[in-house]
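Got your viewer open? Here's a short walk through the model, one selection at a time.

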Amino acid sequence: MNTIVVAQLQRQFQDYMVSLYQQGYLDNQFTELRKLQDEGSPDFVAEVVSLFFDDCAKLINDMSISLERPDHVDFKQVDSGVHQLKGSSSSVGARRVKNVCIAFKECCDVQNREGCLRCLQQVDYEYKMLKTKLQDLFNLEQQILQAGGTIPQVDIN
Amino acid sequence: MLTTSPIKLINGFVADPSNNTGQSEIVQVENGGYVDETKLETSSGHCPESAHQYENGNGRCFSKESESCSSSQASSEGGTLEMESELTVSSQREEEKAETNLKESSKPKILLVEDNKINIMVAKSMMKQLGHTMDIANNGVEAINAINRSSYDLVLMDVCMPVLDGLKATRLIRSYEESGNWNAAIEAGVDKEILENEQVCVRSTNRLPIIAMTANTLAESSEECYANGMDSFISKPVTLQKLRECLQQYLH
C-alpha cells in the first residue's frame, strides 16, 4: 500500500466532503446517514441516495406532466409531489434540494403555475448537481479503498 | 390512564347492541366540532364501506374477557350446548395465545407508519443500529389493521399520509382503546372484515405510546399532535439521537 497516495486521497476526500457542506449541498442529516454505514451495510449511503435520485427523477417527471397544460394544472398532484420530495431530501441531507421544495410548496399553495415551473426546473438542476457531486465523493472513497486505505471520519464542525 | 387526552369519539358511543360491557367503559365526551367527519369518510374511501351488519364470527368477542359471554350469547346460532363447547375451545386458544404473547414480549414490537420509501429506509436502518426491528405500515388504515392484529409496544406515526393520515388514525386508535371496539374506524371506512377476522385475542390494557413524526408545519404542529391523542412527537428529519431518546422514554 502506497501510504503517500492513500494519505493524499484521504485528504482529498475530506476536503471535498467539507466543501459540500460549506457550499450548502449537504447538511447534518447526511452525517446521520454516514453513521449508519458499517461492515454490515458498507454501501448504505450510496444505496439510499441512489434511491433518492431515482425518486427525484420520477417525481419531477410526474409534476412536469401535471404542470404542462396552463389551463389544466393539477396542483394537488404537484403539492403531493413536492411534499414527497421535501420529505426525502430532508431525510438524506440534500439541503439545496430541500430548500427549493420549500419555495416550490409556496408557489403551489397560491397556485402559481409560472412559479411552480421555475421551481421545478431548479429542483431538477439541484438534484442532478448533487448526484454528480456525490458520485465524485463515492469515487474518491473507492479509490481510497482500492489503494488499501480506510475511509476517514470527517468532522464537519 | 386510558382517558388522559380529550378524545373526540366519532359517534360518541358504541353502536353494536351486544356490546353492553363496552358501553360502560366509554367516556362520553363532547362530539361537537368534529368538523371533518365527512372528510374522514371520503379520505378513507379507498377502503370498502361496510355494507352489512356484523355477523358475529363467534370467537371474535374473546378480545375482551368481560365481553366474551354476552357477545357470544347474543350472536350464537346454535343451542346452549354448542355455545358452551365454543367457549371451551376458544378459551383454550386464548390461553395458548397469551403464552405465545408472553414469550414474544421480551422483544419490543415497534410499528413505523410512514409512506415515504426513503424515510422508511433511513428509519429502519437507524432502528437497526439501535438494536430494534420494526413493522411497517404505509398509511393510517394499514396501521389500524396492524395494531388490530398484534400488540405493539410503540408506534411511530407519520402525520401526513394518503388514505388515512396520522392524526386521524391516532384518534381512531384511542377510540378503540377507550371503547374496546373498532366501530369508529369502521364508521370511517376501515375494512370491517379485516378488522374482525384478524383481531388479536389478548388486547393490552395499557395505552399504546404513539409518537408523531412531524415536519413541523402548521398542519402538523405539536398542539395538533397532542390534541389528536399522540403522546409525543419527533420532528423530522429523524435522527439516531431522537430515536434513542424516544425508545428510552417509551420502551421499558
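Start by selecting A:Gln29, A:Phe30 and A:Leu33 in helix α2 of chain A, then add A:Ser90, A:Ser91 and A:Val92 in α4(A): these two sets of residues meet each other. Keep in mind as you look around that this is a predicted model. By class, the contact of α2(A) with α4(A) has three nonpolar and three polar residues, with no charged ones. Now show both helices in full, residues 28-35 for α2(A) and 75-92 for α4(A). They pack at an angle of about 65°, and their axes are 6 Å apart.

Zoom out to chain A as a whole. What is it built from, helices or strands? Chain A has six helices and zero strands, so to speak an α-α-α-α-α-α run from the N terminus on. Its C-alpha trace spans about 65 × 30 × 20 Å along the principal axes.

Next, pick residues 95-109 and 113-146 of chain A, which are helices α5 and α6. Here the packing angle is about 170° and the axes lie 9 Å apart. The two helices are therefore roughly antiparallel to each other. To see the contact, show side chains from both: on α5(A) the residues include A:Val97, A:Val100, A:Phe104 and A:Cys108, and on α6(A) they include A:Cys116, A:Leu120, A:Val123 and A:Tyr127. Counted by class, this contact has twelve nonpolar, two polar and two charged residues.

While you're there, click on A:Gln111, found in the loop between α5 and α6 of chain A. What is the phi of this residue? A:Gln111 has a positive phi of about 55°, although it is not a glycine. For background, most residues other than glycine have a negative phi.

Time to move to chain B. Colour its strands and look for an open sheet of five, in the order β2-β1-β3-β4-β5, with parallel pairing. Why do β2 (135-137) and β5 (232-235) of chain B each have one side without a neighbour in the sheet? They stand at the edges, each with a single partner strand, so one side of each is left free of a neighbour. From one strand to the next, the twist averages 20°.

Within the sheet, select β1 (residues 110-113) and β3 (residues 154-158) of chain B: they run parallel and are joined by four bridges. B:Leu112 stands opposite B:Leu156 in β3(B). Then bring up helix α6 of chain B, residues 140-149, which packs on the sheet and touches β1, β2 and β3 of chain B. The direction of this helix makes about 165° with that of β1(B).

Follow chain B on to B:Pro237, in the loop between β5 and α11 (240-250). A cis peptide bond joins B:Lys236 and B:Pro237, with omega at about 0°. In general, most peptide bonds are trans.

Last stop: the cavities. How many of 30 Å³ or more does a search of the whole structure find? There are three, and the largest has a volume of about 80 Å³. Some residues from earlier stops turn up in the lining of the largest cavity, among them A:Gln29, A:Ser91, B:Leu112, B:Lys236 and B:Pro237. The largest share of that lining, three residues, comes from helix α5 (residues 117-129) of chain B. By class, the lining of the largest cavity divides into six nonpolar, three polar and two charged residues.

Terms used
Residues numbered from 1 in each chain as written. Chains lettered and ligands numbered in written order. Predicted model: local features only at pLDDT ≥ 70, side-chain atom pairs only at ≥ 80, totals over all residues. Heavy atoms only, no water. Pairing = 2+ DSSP bridges. Axes fitted to C-alpha atoms, helices over the stretch in contact; angles between N-to-C directions. Contact = heavy atoms within 4.5 Å. Parallel < 35°, antiparallel > 145°, perpendicular 65-115°, else oblique. Nonpolar A, V, L, I, M, F, W, Y, C, P; charged D, E, K, R; others polar. 1 Å grid on protein atoms, 1.4 Å probe; cavity = no way out; pocket = protein on both sides within 12 Å on 5 of 7 lines; lining within 4 Å. Points joined across faces, edges and corners; volume = space filled by probe spheres on them.
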